[in-house]
Amino acid sequence: MFYSKLGLTTIKENPSDAEIISHQLMLRAGLIRKLSAGLYTWMPIGLRVLRKVENIVREEMNNAGAQELLMPAVQPSSLWEESGRWNEYGSLLLRIKDRHNRDYCFGPTHEEVITDIARKELRSHKQLPLNFYQIQTKFRDEIRPRFGVMRAREFLMKDAYSFHLDQDSLEQGYNLMHETYSKAFERMGLEFRVVDADSGEIGGNRSQEFHVIADSGEDAIAYCDEENYAANIELTPTLKSQAKIVKSKKRKEKKHTPNTKDIASLCKLLKVEPKDTVKTLLLKGEKKPIAVVLRGDHQLNIIKAAKISGISLPVTMADEKEIKKSTGYDFGYIGPIDLGLEIYYDHAVAEMPSLICGANEKDYHFVDANFSDDLGNPDTIDLRNAEVGDPSPNGRGKLSVARGIEVGHIFQLGTKYSQALKASVQDDSGKDVPLSMGCYGIGISRIVAAAIEQNHDESGIIWPENIAPYKVIIIPINMHKSKKVETAALDLYEFLKNQNIEVLFDDRKIRPGIQFADAELIGIPIRIVISEKGITNNQIEFRSRISQDSEMLSREEAIKRIIS
Ligand code: ATP
Ligand code: MG
């Protein structure tokens, strides 16, 4: 391909609205262009990378015996009403109407449509197990689309759905997808971790996520190499300490603490640390708010809180007015003593020798309160996010925390959708059995951004070879002034093309410095420079994007290195 035909404009400066490196580089290298919030055009070079990712996924899915199909992006509301998700899915779902005023949505995922296929096509257990997949555009009306294609509203996903007679077969199908995903991500040259995950919106039993490890990742992953444990922090249990608690001998005392509605100002005033305090959060409940009490420096885990009976879902904080109404007390000074609401305590609160808490009176806190004497030594539950240094849930070793970008997600759905949509097959005794299902997603477009987060330097992108848009870029120096350079460069270009090497030829009439900078920004793995001087010495400059060492090689040697 001739560079001048790409219609590509690179950008030197970082675009001001791009916060993370992959978004900056994708815009600067001209891989994507923004249309509107969360909507992007894939420009020619970007699309080449996207297709490479897509093809690796397709090949690995095919190798695993999965069958590709293509479902409509637009789905009728009636199917979503059958599964119950028309109401449950919330505002992520883009709802649309046709000319007859009938409701549709633009598919954020395809469990309903594939289950409809299954109930119509599958009759007998002899047709199982089966795995259907598609690679298709999804739409999710994300509350905060950001980071370019990393969290877009319209994006490309590979979604697969497997059908089984029973749980054993589902587990085999699930494990096969686990292996398949690992192979695909390895081929893409990505460093990733598989972590236990919440099944979220989709529902079901077991689920694991594939994360590309990167500092900019939106998810926190807790892991313990000693125990071979890894889970999304959302899901990592924290344990009740077995150690004996030495409680402070001091007695509870009420202190005047003006203007200390938040922990930071309270700590400043009392010269203590957040870990010496507790926070009492009031969550909306079905009848009255429900209080949860955590150590001041700990974070409430929403997924764990959602399991409290009587809590309103999704988990939401009660507002100041509701707090006043249900307790009579002022926001900012709420504490567990004499609160008059149902209270749940996190395990860690019971381990505090003494604690500082709101006194349920404006501008007052209790200090030196005691879990057993003043709070009545109640049972505790797991309510907080795990943190670095917490014991591993399996009991050996300590947790570390890394950041990750979720690029894949596999679920054992069980019979949630097949029961709702009545998709069953006959087993060998002729009895109707609801299908057991698995579902498996890969964020094709997100992977492109994730790969850049992991592979870049100050000059630009460094594509892993298997997903690079081109393998080689040829830069002829001042070709427009030298026939010799032009002939040698074009000759090598034709030769490489005939060898099926993907090669970009920089035919632009511009300064070599700009050509070099663009080649690095776009991240082509091999750069070949052809100059008059080189030709005179029978040499070509060869440079790999990773090592950055230029070497002068003979034409034959350079070709050998490119083809190898
Ligand atoms: P997230 O937690 O990041 O919102 P999710 O868990 O809702 O994602 P899944 O339903 O598991 O997403 O979708 C499968 C895959 O699709 C995800 O693993 C992710 O790689 C990709 N994906 C999901 N949402 C987006 C998005 N808004 N933009 C780009 N890719 C996405
Ligand atoms: Mg997910």
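## A walk through the predicted model

Asparagine 259 sits in the loop that runs between S13 and H7. The structure described here is a predicted model, and this loop makes a convenient place to enter it. With a relative accessible area of 64%, asparagine 259 is exposed. Its backbone also deserves a look: phi is positive, at about 55°, although asparagine 259 is not a glycine. Most residues other than glycine have a negative phi.

Proline 258 lies in this loop as well, between strand S13 (253-256) and helix H7 (263-270). A relative accessible area of 32% makes proline 258 partly exposed. Leaving aside residues up to four places away in sequence, proline 258 touches Leu269, Tyr333 and Asp363. The C-alpha atoms of proline 258 and lysine 362 are separated by 7.9 Å, while their positions lie 104 residues apart along the chain, counted as the distance in sequence.

A positive phi is also found at aspartate 368, where the angle is near 55° in a residue other than glycine. Aspartate 368 belongs to strand S18 (residues 364-369). At 17% relative accessibility, aspartate 368 counts as buried, because the limit for that class is under 20%.

Two peptide bonds call for attention next. Leucine 128 and proline 129 are joined by a cis peptide bond, with omega at about -5°. Proline 129 is placed in the loop between helix H5 (111-121) and strand S7 (130-139). The bond from leucine 313 to proline 314 is cis too, and omega there is near -10°. Proline 314 is in the loop between helix H8 (302-305) and helix H9 (320-327). Most peptide bonds are trans.

The ligands come next, beginning with the metal. The magnesium ion, ligand 2, has Glu406 (OE) and His409 (ND1) as its protein donors, and these lie 2.1 to 2.3 Å from the ion. The two donor residues fall into separate accessibility classes: glutamate 406 is partly exposed at 22% relative accessibility, whereas histidine 409 is buried at 11%.

Glu406 appears again at ligand 1. There are 14 residues around ligand 1, and those that come nearest are Arg140, Glu142, Arg151, Ala152 and Glu406. By character, the shell divides into six nonpolar, three polar and five charged residues. Polar backbone atoms of the protein approach the ligand at several points. A nitrogen atom of ligand 1 is 3.4 Å from such an atom of methionine 150. An oxygen atom of ligand 1 is 3.4 Å from a polar backbone atom of valine 407, and an oxygen atom of the ligand is also 3.4 Å from a polar backbone atom of glycine 443. On its own, ligand 1 has 570 Å² of accessible area, of which the protein covers 85%. Strand S8 (154-164) and strand S20 (400-414) are the elements that give two or more residues to the shell. The largest share, four residues, comes from S20.

Helix H11 (residues 444-454) shows how far an element can be covered by its surroundings. Of its 11 residues, 10 are buried, so H11 is largely enclosed by the rest of the structure. The buried residues of H11 include Ile444, Ile447, Val448 and Ile452, and also Ser445, Arg446 and Glu453.

Arginine 543 is found in strand S29 (residues 540-544). It counts as buried, at 17% relative accessibility. The side chains of arginine 543 and glutamate 520 are joined by a polar contact of 2.6 Å. Not counting residues up to four places away in sequence, arginine 543 touches Glu520, Pro525, Ile526, Arg527, Gln548, Asp549 and Ser550.

Stepping back, the chain as a whole has 15 helices and 30 strands. Taken along the principal axes, its C-alpha atoms fill a box of roughly 90 × 70 × 50 Å. Of the 564 residues, 51% count as buried. The chain exposes about 26600 Å², and carbon and sulfur atoms supply 48% of this area. Among contacts between residues at least 6 apart in sequence, 69% join residues at least 24 apart.

Technical notes: Residues numbered from 1 in each chain as written. Chains lettered and ligands numbered in written order. Predicted model: local features only at pLDDT ≥ 70, side-chain atom pairs only at ≥ 80, totals over all residues. Heavy atoms only, no water. Donors = N, O, S within 2.8 Å, 3.2 Å for Na, K, Ca; no water. Buried < 20%, exposed > 50% of the residue type's maximum accessible area, 1.4 Å probe, protein only. Near = heavy atom within 4 Å. Polar contact = N/O pair within 3.5 Å; in protein donor to acceptor, adjacent residues only side chain to side chain. Areas by Shrake-Rupley, 256 points an atom, 1.4 Å probe, with all protein chains shown as cover. Nonpolar A, V, L, I, M, F, W, Y, C, P; charged D, E, K, R; others polar. Contact = heavy atoms within 4.5 Å.
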